[in-house]
Amino acid sequence: MAQETYSLDKLRNIGIIAHIDAGKTTTSEAILYRTGLKHKIDLVKGDTGGATTDWMEQEKERGITITSAAVTVYWKGHKINVIDTPGHIDFTAEVERSLRVLDGAVVVFDGKMGVEAQSETVWRQATKYGVPRICFVNKINQIGGDFYKSLDSIHKRLSKNAVAIHLPIGFEKDICGVVDLVDMKAYTYKDYADHELTVGEIPADMLEKAKNARSLLVEEAVQADEALMEKFFNQGEEAISEVELKAALRKRVLDGDFFLVTGGDGRGVIVEKVLDLVTEYLPSPLDRDQGQTVGVDPKTGNEVVRKASDSEPLTALAFKIATDPFVGKLIFIRVYAGKLKSGDTVLNATKGDKERIGRIVRMFADKREEISEICAGDIAAVVGMKDVTTGTTICDPAHPIHLEDITFPDPPVSVAIEPKTKSDQEKMGLGLSKLVEEDPTLRVHTDEETGQTIISGMGELHIEIAIDRLQKEHGVETNTGAPQVAYRETIRGTAEAQGKHVKQSGGSGQYGDVWVKFEPNEPGKGFEFIDQIKGGVVPQEFRKPVQKGIEETLAGGVIAGYPVVDVKATLYDGSYHDVDSNELAFKLAGSLATREGIKKAKPVLLEPVMKLEITTPEEFMGDVIGDINARRGRVDSMEDLNGGAKLIKAFCPLGNLFGYTSDLRSMSQGRAASSMELFSYEEVPPNVAQGIIEARNTK
């Protein structure tokens, strides 16, 4: 396929986001099929060889998406970069980093279930990044599938500003198309093998419903423009032309708080109507933030603005690292301004180093097409850059700019991992470093006390997949310990402490003396250092070492050696010696003050508490709730779902949830399902804390 140039207004960068098993990947497959990139639709689960965007072995085995995959398709004069993202909460970082660089998103809902737990999570992530969305209610052709109930659940749980732009024709297995409320035509098809939609009149039994739905759509649309609203009130709905209606709807969608809703079956030709919505209503790079990208000059700290144009200095962000078995390290890059050409020398603004660009490829999931450049607004991958990590800014060396980093939550689950044989030791280190490079929520460190290698992730499945990849991609056989919880410590009181380090050993000695006040910080604010030294009792050059000494000591708390979080430390007094004082002495003084101060400031142990959502048939509700209570959980609310199922929302300590998925299946005959995500860190009850501390101290 030859490299073609598309004007920025004809370019779309979109993500497919949803709860696990809502049908994102099948929808992506249908998009490839309908745009001519595939000759058949591969199913996610089945014997057809697996979906294009689920190309990893672990994805094929489990029938779920683990890593976001990029494909480029062409539709009615538009170029669309599509990223199919994972739905499982353990891989939510993949959604996070994809949304950071995307302009729009298609949110897919399971038409049998409506809004589910992870639907809410990805919706919040899209809102955080201000990503305009359209909604696709999938699977309404299946038993229990209901477009209107799903739309109602979107209104109840996500947004009242979600309005149907299409109404489905038929019900469940008889679904055969949609009524388009803009042009008031029926678009139908015979079956999935049908290659085109037939345009016709709206069925007589749907005409009244369609007219009412269109009136609501027009009422919402005219709010985008005062002149149009006036015209609507004075002359009525008929006075609003199709062109005016589309322009008004697009304006409202681009505002990011109004959502068009369609429905169908992700395998069918109805995906053509979804593609039409993407090109007509979702933003181009020129529409997001008025086509501007804001960063800072790394040297001066001043704000820098770049326009989405090929003529601007290069400004780009690396948002994903992947290891390709054929070409090596792939860095996925979104270019915001300028052009990135093969052979260019660029600046890594995050590290301050220069690098030369080698090969550039456009990705079609696991297949590649070599291209010579990436233009403004586009997404592609570069082969083999060395010091680039997720969130690295790449720019023109003559015009440096640093874009906002991508931040990720700390992983709450850890396991000890060791190679089965001595020969696996080196391979394990190399394999783990590659996995960590690809996945910023996977962390690896060595426990200083035990010498064990500890791997941390977002959940049990996340770690299980990483260990599986270590074996299959890097040939490393490993033994793993039981999952461990990432506890934290904090303080509930205020205390002042002196840290004084004095050492005389012939010649010049060491002298550092500080007084530090420790007090609780707001939850989630982390560590904050406040310098209140007056009159130079501690010289300026020694205050940073004091801060460093405090920070390093907080990394291992006083109760059970877990990191201390959400603490304010105020340096307010001290003394120094003209000859014996140095940076090391004051760093040690800061450390001594911290050990003493934290002990006196009522330290407590914190545990990660998970937000748990369980969908269960009503007959198992009693068992499920009893089990949650037995795990020190608390039920927050219960809701009725389609088909007599119940949704239970609860909060439960992570330490009591290992193996919960299997236990839930056992108590519900395999009919209940759950999802969980980190909610907050909360204080551990004293009797439970004692057991945790004793277990920690006996290691």
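Buried here means under 20% relative accessible area, exposed means over 50%, and partly exposed covers what lies in between (1.4 Å probe, protein chains only). The model is predicted, so local features need pLDDT of at least 70 and side-chain atom pairs count only at pLDDT 80 or more, while totals for chains, interfaces and linings use all residues. Residues are numbered from 1 along each chain as its sequence is written, and side-chain values use heavy atoms, with hydrogens and water left out.

**Exercise 1. Find where Asp-566 and Gln-290 sit, and decide for each whether it is buried or exposed.**

Step 1: start with Asp-566, in the loop between α12 and β33 (567–575). Helices (H or I, at least four residues) and strands (E, at least two) are DSSP runs, numbered from the N terminus.

Step 2: check the accessible area. Asp-566 has a relative value of 11%, so it is buried.

Step 3: look at the backbone. Asp-566 isn't a glycine, yet its phi is positive, near 55°.

Step 4: now do Gln-290, which lies in the loop between α9 and β12 (292–296). Gln-290 also has a positive phi without being a glycine, about 55°. With a relative accessible area of 69%, Gln-290 is exposed.

**Exercise 2. Work out which residues have the most contacts inside the largest nonpolar core, and which helix gives the largest share of this core.**

Step 1: get the term straight. A nonpolar core is a set of buried Ala, Val, Leu, Ile, Met, Phe, Trp, Tyr and Cys residues joined through side-chain atoms within 4.5 Å.

Step 2: pick out the residues. The largest core has 104 residues, and Val-106, Leu-167, Leu-249 and Leu-260 have the most contacts inside it.

Step 3: name the helix. Helix α9 (residues 271–281) supplies six residues, the largest share of this core.

Step 4: don't stop there, as a separate second core has 40 residues, including Ile-455, Val-476, Leu-605 and Ile-628.

Step 5: see how enclosed α9 is. Of its 11 residues, 10 are buried, so α9 is largely enclosed by the rest of the structure. Among those buried are Val-271, Leu-275 and Tyr-281, but also Glu-272, Lys-273 and Asp-276.

Step 6: zoom in on Leu-260. Leaving aside residues up to four places away in sequence, Leu-260 touches Arg-133, Ile-134, Cys-135, Val-163, Ile-165, Leu-217, Leu-249, Val-253 and Tyr-281. Contact means heavy atoms within 4.5 Å.

**Exercise 3. Describe how α12 packs on α13, and how the residues of their contact divide by class.**

Step 1: take the geometry. The axes of α12 (residues 543–554) and α13 (residues 583–600) come within 7 Å and cross at roughly 45°. Axes are lines fitted to C-alpha atoms, for helices over the stretch in contact, and angles run from 0 to 180 degrees between N-to-C directions.

Step 2: put a word on the angle. The two helices are oblique to each other, because under 35 degrees counts as roughly parallel, over 145 as roughly antiparallel, 65 to 115 as roughly perpendicular and the rest as oblique.

Step 3: list some partners. The α12 side includes Pro-545, Val-546 and Ile-550, and the α13 side includes Phe-586, Lys-587 and Ile-598.

Step 4: sort the contact residues. There are six nonpolar, five polar and four charged. Ala, Val, Leu, Ile, Met, Phe, Trp, Tyr, Cys and Pro count as nonpolar, Asp, Glu, Lys and Arg as charged, and the others, Gly among them, as polar.

**Exercise 4. Do likewise for α10 with α11.**

Step 1: helix α10 (residues 423–438) and helix α11 (residues 460–474) pack at about 120°, with axes 10 Å apart. That pair is therefore oblique.

Step 2: the contact includes Met-428, Leu-432 and Leu-435 of α10, plus Ala-466, Arg-469 and Leu-470 of α11. By class, the contact residues come to five nonpolar, two polar and four charged.

**Exercise 5. Place Arg-488 and say what it touches.**

Step 1: Arg-488 is in strand β29 (residues 488–491).

Step 2: its relative accessible area is 14%, so Arg-488 is buried.

Step 3: not counting residues up to four places away in sequence, Arg-488 touches Asp-410, Tyr-562, Pro-563, Val-565, Val-604, Leu-605, Leu-606 and Tyr-681.
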